[in-house]
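Work through the exercises below with the sequence and the model open. Each task is followed by its solution.

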Amino acid sequence: MISTSQNTNLKENILNNIHTWFYSQTTYSQMSLGKKLGVSQTTVARWLERKCLPDISLWPAICEIMDITIPQFLKLDSSSSMSNKESQLLNAYQNDLSFKSFIDKYLSDETFKQTINSLAAYTK
């Protein structure tokens with residue numbers, strides 16, 4: 001399972017990634033990005049202020065808008081200190097499983113559930 005310090009790093013990675021992308025592009029305002037994702041401008045502002053993470057259900061859409069993969073969004077790479085199971089989950093995703101089949105396949109896995117629940121705590 002991802003440790004507390006890894007969760008903090010992951011949270012920082014995601015928020016830094018969104019912040020850097022948003023301020024380097026000219027297509028979206030906070031309002032238009034929120035509208036595209038079905039959230040308020042205030043919610044987008046909170047992400048950019050690094051106050052909270054986007055809901056995990058929005059990650060695929062955010063990645064599509066940013067034109068990156070989920071692992072790139074999370075800034076995960078082979079040098080990360082992930083458990084075997086977390087590495088398998090990442091590899092499965094990188095092997096072009098759709099996000100839905102990725103979730104469906106691993107939803108019953110307890111380690112995966114714990115990891116997702118710890119990440120989800122940051123979206124509130």
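**Exercise 1.** Find the partner of Glu49 in a salt bridge and state how exposed each residue is.

Solution. Step 1: apply the criterion, a side-chain nitrogen of Lys or Arg within 4 Å of a carboxyl oxygen of Asp or Glu. Step 2: Glu49 pairs with Lys51, and their closest N and O atoms lie 3.3 Å apart. Step 3: the structure has one salt bridge. Step 4: buried means under 20% relative accessible area, exposed over 50%, and partly exposed in between (1.4 Å probe, protein chains only). Glu49, at 47%, is partly exposed, and Lys51, at 51%, is exposed.

This is a predicted model in which local features need pLDDT of at least 70 and side-chain atom pairs count only at pLDDT 80 or more, while totals for chains, interfaces and linings use all residues. Residues are numbered from 1 along each chain as its sequence is written, and side-chain values use heavy atoms, with hydrogens and water left out.

**Exercise 2.** How many disulfides does the whole structure hold?

Solution. Step 1: look for pairs of cysteine sulfur atoms within 2.5 Å. Step 2: the search of the whole structure returns zero disulfides. Step 3: check burial; Cys52 is buried at 6% relative accessible area, and Cys63 is buried at 3%.

**Exercise 3.** Which residues does Ile14 touch, leaving out those up to four places away in sequence?

Solution. Step 1: count a contact when heavy atoms are within 4.5 Å. Step 2: with that exclusion, Ile14 touches Leu53, Pro54, Trp59, Phe73 and Leu74.
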